[in-house]
Protein chains: 2
Amino acid sequence: MTTIVIKIGGGEGIELGPILDEFSELVKSGVRAVLVHGGSHETNLVSEQLGHPPTFIKSPSGHESRRTDRTTLEIFEMVYCGKTNKGIVEHLQTRGVNALGLSGIDGGLWKGKRKGAIRAVDDEGRTTIIRDDLSGKVESCDAALINLLLDSGRTPVLTPPALAVDGDDPGKSVAINVDADRAAAITAAALGADELLLLSNVPGVLADPSDRSTLIASTAEAGIDAVREAAGGRMKNKVLAAEEALNGGVKRSVIGSANGENPIAAARAGAGTVFEPTANPA
Amino acid sequence: MTTIVIKIGGGEGIELGPILDEFSELVKSGVRAVLVHGGSHETNLVSEQLGHPPTFIKSPSGHESRRTDRTTLEIFEMVYCGKTNKGIVEHLQTRGVNALGLSGIDGGLWKGKRKGAIRAVDDEGRTTIIRDDLSGKVESCDAALINLLLDSGRTPVLTPPALAVDGDDPGKSVAINVDADRAAAITAAALGADELLLLSNVPGVLADPSDRSTLIASTAEAGIDAVREAAGGRMKNKVLAAEEALNGGVKRSVIGSANGENPIAAARAGAGTVFEPTANPA
């Protein structure tokens with residue numbers, strides 16, 4: 001039976017209704033489907049409304065990530081695990097899919113490591129060290145929990161945060177903000193999924209980010225190095241995720257659009273940037 | 001093996017840390033424990049902060065309930081399912097308990113009916129009819145889902161909303177605000193639990209709500225009618241819940257305090273108002 005992990009981004013301009021309807025049909029067709037979602041744009045809006053505007057950490061290499069203090073983490077959980085996750089679960093339930101929402105801390109589903117010291121470059125170009133950020137990276141996924149749900153006819157809807165663990169002392173565990181694309185990749189690998197689809201408000205990896213006609217159709221054609229080089233900003237994480245999934249045994253990853261007509265079927269048919277193991281035999 | 005359902009209220013003045021620590025020890029002692037929680041006070045605060053202040057519907061009989069329009073439901077989900085539920089799950093994980101948070105819509109855990117027309121009395125004493133409120137009552141709990149989690153070593157942490165269903169058409173399903181005390185009672189009955197503890201910021205049913213020394217210790221002593229009569233406001237729902245649990249086969253319900261030293265052990269030892277089947281043999 002085909003197993004597919006689909007990540008739907010939380011960026012601006014993604015209309016969830018149509019893709020969730022398509023996802024419902026996929027589930028009803030018998031595919032073992034797992035949904036992973038973000039919520040970054042809505043988190044920015046709610047953070048502003050709650051008087052705790054989002055701030056971002058810029059690394060020396062130019063990578064931006066959300067500054068996650070305790071208040072931000074709580075807002076993050078309100079949006080990701082509350083409003084967005086339950087909104088998706090409700091929508092799927094109305095389509096006859098027995099959806100069940102979990103965050104990565106529930107049942108210790110996604111475990112990982114919290115970042116220790118983060119080097120941040122401020123507006124004047126000075127580097128500072130941030131030690132109290134509640135962010136990190138997922139390293140493992142409890143496939144048994146997801147299979148328990150899938151085997152009993154329930155459809156998992158997964159979202160950050162994850163649980164950072166420090167050795168064997170649960171007392172040092174803490175919820176952390178993690179990249180949902182890479183969490184989806186770890187999940188797909190843990191499940192031995194056939195496909196990982198990373199769908200968002202961009203059509204795939206673009207050679208020129210401002211020109212949608214420069215879409216790189218596949219790593220097989222362009223070569224993985226060209227794809228890596230073309231990916232900037234948040235796309236970097238998607239490329240890393242697509243590669244991680246393949247390295248973990250997933251047969252195919254696609255970075256594609258969450259919008260348009262039948263975006264899931266389109267991505268499965270190759271719309272977007274397709275990653276396949278044969279693309280990089282070295 | 002003993003099965004206990006513990007509801008911790010979401011009212012003002014409840015300190016969650018100590019009772020969650022005690023709950024963790026209970027789980028580690030081998031009890032099959034399920035936690036249900038509210039979030040009403042925090043929802044009021046966040047509603048204010050988000051510029052959508054809470055309003056309440058007063059029924060002709062004087063009962064007050066939260067007016068739940070779509071925006072309120074989303075705020076409700078942010079607080080109950082996001083901030084509060086994930087905060088509790090994180091706390092329990094740090095205590096070595098493999099907690100897993102679910103709302104009543106997840107997996108269709110709590111199903112019920114949405115209220116049709118609600119009669120509301122306004123400040124001038126006029127009665128109006130509200131037809132679009134997203135609130136209702138839990139009628140069933142999927143015990144199989146909870147047992148699936150308990151049997152695999154996971155501890156369920158449950159919270160509203162629930163899923164209202166309308167006949168066989170999932171398209172008419174909708175998330176609804178429900179009373180968490182009564183949801184806990186339905187859960188305890190569905191599980192065949194030994195005990196239901198309803199712990200909040202009051203010590204139990206008081207004959208005089210302003211005087212804590214007038215605590216009614218048990219239905220066996222005072223008679224169920226006296227307990228029902230003494231209960232006003234939100235306590236009415238707790239008494240209904242305590243009775244519903246007994247009617248569903250639960251051996252004992254206790255309405256007690258969530259604060260103080262070891263509030264779970266205290267309630268189990270009889271602190272608060274104890275409901276037992278023998279109290280009302282008629």
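Here is a walk through a predicted model of two chains, A and B, going from the overall build to the contact between the chains, then to helix pairs and a few backbone details.

Let's start with chain A by itself. It has 9 helices and 15 strands. Its radius of gyration is 18 Å, and the globule rule gives 19 Å for 282 residues, so chain A is as compact as a globular protein of that length. If you'd rather think in terms of a box, the C-alpha atoms of chain A fill one of roughly 50 × 40 × 40 Å, taken along the principal axes.

Now bring in chain B. How does chain B have to be turned and shifted to be laid on chain A? A turn of 180° with a shift of 0.0 Å along the axis does the job, and the RMSD is 0.0 Å. That is the relation of a two-fold axis. The contact fits this picture: 100% of the contact residues of chain B recur in chain A, so the same surface serves both copies.

What does that surface consist of? Chain B puts 32 residues into the contact, and chain A puts in 32 residues as well. On the chain B side, the elements that give two or more residues are α3, β5 (99-103) and β12 (169-176). The largest share comes from α3(B), with 12 residues. Sorted by class, the side of chain B that touches chain A has 11 nonpolar, 13 polar and 8 charged residues.

Keep your eye on α3(B), since the next two helix pairs both involve it. Helix α3 of chain B covers residues 70-94, and helix α2 of chain B, residues 40-49, packs on it at an angle of about 125°, with the axes 9 Å apart. An angle between 115 and 145 degrees falls in the oblique class, and that makes α2(B) oblique to α3(B). The crossing is right-handed. From α2(B), the residues that take part are Glu42(B), Thr43(B), Val46(B) and Ser47(B); on α3(B) they meet Thr72(B), Ile75(B), Phe76(B), Met78(B), Val79(B), Lys83(B) and Thr84(B). Counted by class, this contact has 5 nonpolar, 4 polar and 2 charged residues.

The other partner is helix α1 of chain B, residues 16-28. Its axis comes within 10 Å of that of α3(B), and the two cross at roughly 50°. α1(B) and α3(B) are therefore oblique to each other, and their crossing is right-handed too. Here Leu16(B), Gly17(B), Leu20(B) and Ser24(B) from α1(B) meet Ile88(B), His91(B) and Leu92(B) from α3(B). This contact divides into 4 nonpolar and 3 polar residues, with no charged ones.

Back in chain A, there's a helix pair with another geometry to look at. Helix α5 (residues 180-191) and helix α8 (residues 234-247) of chain A have axes that come within 8 Å and cross at roughly 5°. Angles under 35 degrees count as roughly parallel, and α5(A) and α8(A) are therefore roughly parallel to each other. On the α5(A) side you'll find Asp181(A), Arg182(A), Ala184(A), Ala185(A), Ile186(A), Ala188(A) and Ala189(A), which meet Asn237(A), Lys238(A), Leu240(A), Ala241(A), Glu244(A) and Ala245(A) in α8(A). By class, that comes to 8 nonpolar, 1 polar and 4 charged residues.

Finally, a few spots in the backbone are worth a look. In chain A, the peptide bond from Pro160(A) to Pro161(A) is cis, with omega near 10°. Pro161(A) sits in the loop between β10 (155-159) and β11 (162-164) of chain A. In chain B, the bond from Pro160(B) to Pro161(B) is cis, again with omega near 10°, and Pro161(B) is in the loop between β10 (155-159) and β11 (162-166) of chain B.

And which residue has a positive phi although it is not a glycine? That's Asn262(A), with a phi of about 45°. You can find Asn262(A) in the loop between β14 (252-257) and α9 (263-268) of chain A.

Technical notes
Residues numbered from 1 in each chain as written. Chains lettered and ligands numbered in written order. Predicted model: local features only at pLDDT ≥ 70, side-chain atom pairs only at ≥ 80, totals over all residues. Axes fitted to C-alpha atoms, helices over the stretch in contact; angles between N-to-C directions. Helix = DSSP H or I, 4+ residues; strand = E, 2+ residues; numbered from the N terminus. Parallel < 35°, antiparallel > 145°, perpendicular 65-115°, else oblique. Left-handed = near helix turned anticlockwise from the far one by under 90°. Contact = placed C-beta atoms within 7 Å. Nonpolar A, V, L, I, M, F, W, Y, C, P; charged D, E, K, R; others polar. Least-squares fit on C-alpha atoms with pLDDT ≥ 70 in both. Rg over C-alpha atoms; globule rule 2.2 N^0.38 Å.
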